[in-house]
Amino acid sequence: MAITYMKRGASGIYEFRRMLPRSLAGQAVPAYARPALAELTNPKTGRFKLELTVSLKTTETAAAKREHAKEQARVAVLIETALSMLAAGPPPDKAHEPPDMERLQEEMVAAILQSRRRGPAAGR
């Protein structure tokens, strides 16, 4: 079960807080996932944060409750994204994939036809 709560800080502004799941908290964030998971990553250590804290930017209880619900949904999606990215592993390396022979053949034929349209004088 996810633990989320609102807390009124010393400034009187409410904040949303959520503990990250044990499967993520404190674990190293792979380099391929860092851009997408920057909000969950501690920039100094390169590891997942233990807890995510977001200001709700209000001192009013009713407005804080509404914003809390929005943040809860947004952060749940962010955590699910992190879990699925880690489960899927790094994306395939495009540099080691074999070339698309059909596309290369089409490009070569198009280049030959283009040079024929210009005629023999265009090559000189």
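This report describes the overall make-up of a predicted model of a protein chain and then looks at two of its residues, Phe48 and Thr58.

The protein chain holds two helices and five strands, and from the N terminus on these elements follow the order β-β-β-β-β-α-α. Of its 124 residues, 23% count as buried, while the accessible surface of the protein chain comes to about 9,100 Å², with 57% of that area belonging to carbon and sulfur atoms. Where contacts in the protein chain between residues at least 6 apart in sequence are concerned, 61% join residues at least 24 apart.

The table sets out the two residues chosen for a closer look.

| Residue | Location | Relative accessibility |
|---|---|---|
| Phe48 | strand β4 (residues 47-48) | 3% |
| Thr58 | loop between β5 (51-55) and α1 (61-88) | 14% |

Phe48 counts as buried because its relative accessibility is 3%, and buried means under 20%. When residues up to four places away in sequence are not counted, Phe48 touches Leu20, Leu24, Ala25, Gly26, Gln27, Ala28, Val29, Leu37, Leu40, Ala82 and Leu86. One of these partners, Leu20, lies 28 residues from Phe48 in sequence, with a C-alpha to C-alpha separation of 8.3 Å in space.

Thr58, found in the loop between β5 and α1, is likewise buried because its relative accessible area is 14%. Leaving aside neighbours within four places in sequence, Thr58 is in contact with Gly12, Ile13 and Tyr14, and also with Ala63 and Ala64.

Key: Residues numbered from 1 in each chain as written. Predicted model: local features only at pLDDT ≥ 70, side-chain atom pairs only at ≥ 80, totals over all residues. Heavy atoms only, no water. Helix = DSSP H or I, 4+ residues; strand = E, 2+ residues; numbered from the N terminus. Buried < 20%, exposed > 50% of the residue type's maximum accessible area, 1.4 Å probe, protein only. Contact = heavy atoms within 4.5 Å. Areas by Shrake-Rupley, 256 points an atom, 1.4 Å probe, with all protein chains shown as cover.
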